[in-house]
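Please load the model in a viewer and keep the selection tool at hand. The tour proceeds from one selection to the next and states what is found at each stop.

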Amino acid sequence: MMTHFIISKSNNTSGQYQIPLTANWVLSLQNDQYTEYIDNDIKIIIIGDYIGDKATLFSCELDDIPKLKGNFYAIIVKRNNIRVYTSFFNVMPIYYTLDKAYISSSIAYITEYSQRDFSVDKKFILESLLFNYGFFNRTFYKEIQLLPCHHFLTLDDTEVSLQSHFETTSLYTKHPTKGSKVVDHLSDLFIKTTKQYLPDTHFDIAFTSGFDGRTLVSCATHFKKDFKTFSFGKPENADVAVPRANAKELNIEYRYFDLSHEEYVKKYFHTNAKEYIHHAPGGNGFIYAHFLHSTKEIAKKADHLLSGVVGSELFRALHLTGAVTSQALADIFTSKSASELKDNITNSPTLEVIQKEEFAVELEELIEELIAYKDSLDKELTLNQQFYIFVFEEIFRKFFGQWISTQMQYIKVRTPFLDYHFIKALLQTQYAGANNDFFTENPLKRIKGQYLYTDIIKKTNKKIYHQKTGKGYRPKDVRESIYLYKIILPFVLKRFKRKVKTPNLDNLGIISGVLAHKKDHQSLLDHASYFDQDKLKKMLNTLSPYTKEKERDTLLMVLSILSGLQNKAETKSKNSYHYE
């Protein structure tokens, strides 16, 4: 659906779709899926899903183009000057080689197109194990960097430079507002904003047991749009059982992708995991194979997918460590001294799988960089606001952006919660997760964000307003104090279950898929020169649905890294410009 692009010197091009930008620079694409706008001496090339018209593009300041709606790239050419932008928070990634010879939407495109030999960045491996994504702007390869958040590239005849166009701290206020009028304004704004993201043609919405998807479903029904819903997992899981029951009552078409089905486990899991890793080297493809699988199936009948990503992160304060916010990440913000931070990182359980001597220098240097990062945090901000700077600038693009950009290869992914104007308004209020307490688990404090969800739902679909969610309560219960017990009771029961019951982690077919291809993974581990092979093989042999989540994720991250190394070797041997 979305073409990958690469910008290079004219004498570096080969047989792609090519657009000369200036005398020195050429844009090469995989296909002709782009839109070109021209006004006087300015040309704007849009790649991806820009939701707007030509007049809007040319009437705004160039640095405001990332604030426009949609997930897209904008390449602006004015005489001999080129600017390369990506949408808000740099959710769609831009990569560049350190010598600035290649600029691209894809690491794989650079490695295959350039025919260069790239070296693996061991600091990036450490970051991936510790945080589940890169902490800084490194990538799998030392010679390729990720463009920082709120930055764009300028190219002219003599140089390429990185420039900033926005400061995240400008979204904050020292005096966030609250009250019924504030909520009323925010919910009206979100409904109005979401309308602009709803396609006129048929589309799909990711509908799970939580609030993000059902809020979008509620808005779509309000505007009487033609859409279907879906989720994935096992039939008995809440993310399937709850939306399936809700959709039936609403008379909305719904389907689920049964990730426990033998055909998926044996045929599709491994293929999609490998493709994910190829698209995002260093990404944990064995955890997120289901995203590609479901996207491909949806794309057979729809051109657009409406996703609720980052909704929870915007509305509710993050409060648990896991895939999005690792324990190592939390330690950076909670450590009281440099020595405490160093001890926490050095002794992180996730680093027990590496051969320490292989990473001794890199680990020491990385820790110094992390200490410097912590020291650079704005001391006028609250701890939670400091943390949310990282959430906005790093997690949004490196975690959720990885999902979106991978899915965009097959379908246009629309993300209303990522709208600049809505986020700007939200962060001026107490209903933003960033304006709550750091890692609070108090349900009465966390409920502030849910109150906004429920106001949106109440205004757009009364049936959904009264339907029970996977959390055990209805949107209605959040707004009316007489139902407060319906929120407290599930919260207490959930905490109790965490302590007395080991969860089954195979809902998404991850464990089954890995074990179905165990021989392939054993082969990868046989060549794990950077890692403790014996420990990892033991982890693989004892892997089960009841393996601790962090242990499972660490093992699969290592397997993803090793798969990326395998891809590197295969790319080098092909010596080809071809990219799929």
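Begin with the second largest cavity, whose volume is about 100 Å³. The model is a predicted one. To find this cavity, select Asn132, Asn284, Tyr288, Phe399 and Met557, which are the closest to its centre among the 13 residues of the lining. Next, colour helix 13 and helix 22 (549-574), the elements that each give two or more residues to the lining of the second largest cavity. Helix 13 gives the most, with four residues. Colouring the lining of this cavity by class will show eight nonpolar, three polar and two charged residues.

Now widen the view to the cavities as a set. How many cavities of 30 Å³ or more does the structure hold? There are four of that volume. The largest cavity encloses about 300 Å³ of space. Select Tyr95, Phe124, Leu146, Lys398 and Gln402 to centre the view, since of the 23 lining residues these are the closest to the centre of the largest cavity. Keep helix 13 (residues 383-407) highlighted: with five residues, helix 13 supplies the largest share of the lining of the largest cavity. By class, that lining comprises 10 nonpolar, 10 polar and three charged residues. Colouring by domain is also useful here, as domain 1 (5-119 + 141-166) and domain 2 (170-318 + 387-500) each contribute at least three residues to the lining of the largest cavity.

The next stop is a pocket. Which residues lie nearest the centre of the second largest pocket? Select Glu167, Thr168, Ile389, Glu393 and Glu394, which hold that position among the 21 lining residues. The second largest pocket contains about 330 Å³ of space. Helix 13 again deserves attention, for it gives the most to the lining of the second largest pocket, with six residues. The classes in this lining are eight nonpolar, eight polar and five charged residues. With the domain colours still on, the lining of the second largest pocket can be seen to draw at least three residues from each of domain 1 (5-119 + 141-166) and domain 2 (170-318 + 387-500).

Leave the pocket and turn to a sheet. Display the six strands that form an open sheet in the order 4-5-6-7-11-12, with antiparallel pairing. Strand 4 and strand 12 (160-164) are at the edges, and each has a single partner strand, so one side of each is left without a neighbour in the sheet. On average, neighbouring strands of this sheet are turned by 20° against each other, direction ignored.

Finally, zoom in on strand 4 (residues 35-39) and strand 5 (residues 42-50), which run antiparallel and are joined by five bridges. Select Tyr37 and Ile44: Ile44, in strand 5, is the bridge partner of Tyr37. Then select Ile38, which stands opposite Lys43 in strand 5. In a regular strand, side chains alternate between the two faces of the sheet. The last selection is Asn40, in the hairpin of strand 4 and strand 5, where two residues lie between the strands. Asn40 takes a positive phi near 55°.

Technical notes
Residues numbered from 1 in each chain as written. Predicted model: local features only at pLDDT ≥ 70, side-chain atom pairs only at ≥ 80, totals over all residues. Heavy atoms only, no water. 1 Å grid on protein atoms, 1.4 Å probe; cavity = no way out; pocket = protein on both sides within 12 Å on 5 of 7 lines; lining within 4 Å. Points joined across faces, edges and corners; volume = space filled by probe spheres on them. Nonpolar A, V, L, I, M, F, W, Y, C, P; charged D, E, K, R; others polar. Domains from an automatic or database assignment. Pairing = 2+ DSSP bridges. Axes fitted to C-alpha atoms, helices over the stretch in contact; angles between N-to-C directions.
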